[in-house]
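Reader: I'm new to this structure and would like to learn how to read it. Could you walk me through some of its features?

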Amino acid sequence: MLPYHTYRAAEAVVRRLPHRAAYSLGAAVAGTVLTLRPRRFDALRANLRHVLPDADERTLRRVLRANVRNLARSWVDVMEMAHRPDEATGRVVPVDTEYMLEPQRRGRGVVCVSLHLGSWELGLAGWNHRYGQMAVLAEVLHPRELFDHIVAARTRLGVKVIPIDLASMRGGDPETARRLGASAIREVYRVLRANGLVAVAVDRDLAGTGEPMPFFGAPVRIPVGIIEMAVRTGAAIVPIVLTRGSGDEVFGRCYPEITYDAAAERGPEVRRVTMDVLGLMEHVIREHPDQWHVLDPLWTAAS
């Protein structure tokens, strides 16, 4: 229960601080943790090294420190959403949302493919709180009390959470894993069949069932199942990324739909579309490595 109580204590502090003071405190705490316990960020450092192969050690250390501080700001965003929803979500600036809305007008669901980059949570909440409803596939955090608390805050902002209990899937028997995975898949299908929006970050294989795909020149397990579900249901595939600006704003940029041929052989077509998605995501990560927050080792996980 320590993570739960630590989170609630931090949330209480954030509630009492002005926004910029909370950001400054979060960044300072993150920098201190990085200095005192650098091994906690070994996986993040390795991931950044892979995407910045030409960076010298000084540059890598600078990017890593900025990344950890931005990650702390993202957690501050999550905490502020529960207590200052209008102020927090008001910092989200939607860009080119027609790419996401037009398929719905034509009676199609939309799979919003994204990354753990920028302020992903704030962007999702901002859209739901101000414009409409978007569901999100989310890993169940442990202890469960922490996950339920965060989900409750998301729900108050209109976010529909489709949970994936990864720990139970990995720790249980095959039948339990199949049942839990099937439950999430059914809910995604239900949303897409109703012409809804489903958001998923494709830079982490939450369910542990992804296929090795080339990403920055080496294989990484990618959750291609969400691309296949889009093809099966006729949903549009629209990339969206959330990047921090020079101030407090977060830009939620939608990109043109990545098209596919529903009549083509399913496997090769899904892989082709996934490669198109990953190519765009590589470009975004290279532009904003200090905002890409993946704390699990990616490239060793595909071996």
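Author: Happy to. Let's begin with a word we'll need a lot: a residue is buried when its relative accessible area is under 20%, exposed when that is over 50%, and partly exposed in between. Keep in mind that this is a predicted model. Now try the idea on helix H3, which spans residues 42-51: Ala43, Leu44, Asn47, Leu48 and Val51 are its buried residues. Around the axis they take up an arc of only 135°, so they sit on the same side of H3.

Reader: Which helices help to cover the buried residues of H3?

Author: Helix H4 (57-83) and helix H12 (266-287) are included in that cover.

Reader: How many residues of helix H7 are buried?

Author: H7 runs over residues 120-130, and 9 of its 11 residues are buried, so this helix is mostly covered. Among them are Trp120, Leu122, Leu124 and Trp127, along with Glu121 and Asn128.

Reader: Let's step back to the whole chain. How many helices and strands are there in the protein chain?

Author: You'll find 12 helices and 9 strands. The radius of gyration is 19 Å, close to the 19 Å that the globule rule gives for 303 residues, so the chain is as compact as a globular protein of that length. Along the principal axes, its C-alpha atoms fill a box of roughly 55 × 45 × 40 Å. Buried residues account for 50% of the 303.

Reader: What share of the contacts in the protein chain comes from residues 24 or more positions apart?

Author: The share is 75%, counting contacts with a separation of 6 or more. As for the outside, the chain exposes about 14200 Å², and 54% of that comes from carbon and sulfur atoms.

Reader: Which residues make the nonpolar surface patch?

Author: Val13, Leu25 and Val29 make it, and the patch measures about 230 Å². Val29 belongs to helix H2 (residues 19-36). With a relative accessible area of 46%, Val29 is partly exposed.

Reader: Now salt bridges. What's the general idea?

Author: Side chains of opposite charge can pair when their charged atoms come close. The cut-off used here is a Lys or Arg side-chain nitrogen within 4 Å of a carboxyl oxygen of Asp or Glu. Counted this way, there are 25 salt bridges.

Reader: Asp77 and Arg91: are they buried or exposed?

Author: Both of them are buried. Their side chains form a salt bridge with an N to O distance of 2.9 Å. Asp77 is in helix H4 and Arg91 is in the loop between helix H5 (85-89) and S1, so this pair ties together parts 14 residues apart in sequence. The two also belong to a network of salt bridges, together with Glu80, Arg84, Glu87 and Arg244.

Reader: Where in the chain are Arg232 and Glu228?

Author: Both are in helix H11 (residues 225-233), 4 residues apart, so about one helical turn separates them. Their salt bridge is 3.1 Å, N to O. Arg232 is partly exposed at 45% relative accessibility, and Glu228 is partly exposed at 27%.

Reader: How far apart along the chain are Asp96 and Arg253?

Author: First, the bridge: the side chains of Asp96 and Arg253 meet at 3.9 Å, N to O. This pair links distant parts of the chain, 157 residues apart, with Asp96 in the loop between S1 and H6 and Arg253 in strand S9 (residues 250-254). Asp96 is partly exposed at 41%, as is Arg253 at 35%.

Reader: What is the phi of Asp96?

Author: It is near 60°, a positive value in a residue other than glycine. Asn195 also has a positive phi, about 60°, although it is not a glycine. You can find Asn195 in the loop between helix H10 (174-193) and strand S5 (197-201). Its relative accessibility is 29%, so Asn195 counts as partly exposed.

Reader: One last spot: which residues does Gln291 touch?

Author: Leaving out residues up to four places away in sequence, the partners of Gln291 include Asn67, Asn70, His116, Leu242 and Arg244. Gln291 is in the segment after H12. Its relative accessibility is 6%, so Gln291 counts as buried. Gln291 and Arg91 are 200 residues apart in sequence, with 17 Å between their C-alpha atoms.

Conventions. Residues are numbered from 1 along each chain as its sequence is written. This is a predicted model: local features need pLDDT of at least 70, side-chain atom pairs count only at pLDDT 80 or more; totals for chains, interfaces and linings use all residues. Side-chain values use heavy atoms; hydrogens and water are left out. Patches are made of residues with over 30% relative accessible area and no salt bridge: like charges are joined within 9 Å, nonpolar side chains (Val, Leu, Ile, Met, Phe, Trp, Tyr) within 5 Å. Accessible areas come from the Shrake-Rupley method with a 1.4 Å probe; for residues, only the protein chains shown count as cover. Helices (H or I, at least four residues) and strands (E, at least two) are DSSP runs, numbered from the N terminus. Buried means under 20% relative accessible area, exposed over 50%, partly exposed in between (1.4 Å probe, protein chains only). The radius of gyration is taken over C-alpha atoms; the globule rule is 2.2 Å times the number of residues to the power 0.38. Contact means heavy atoms within 4.5 Å. The arc is that of the directions from the helix axis to the C-beta atoms.
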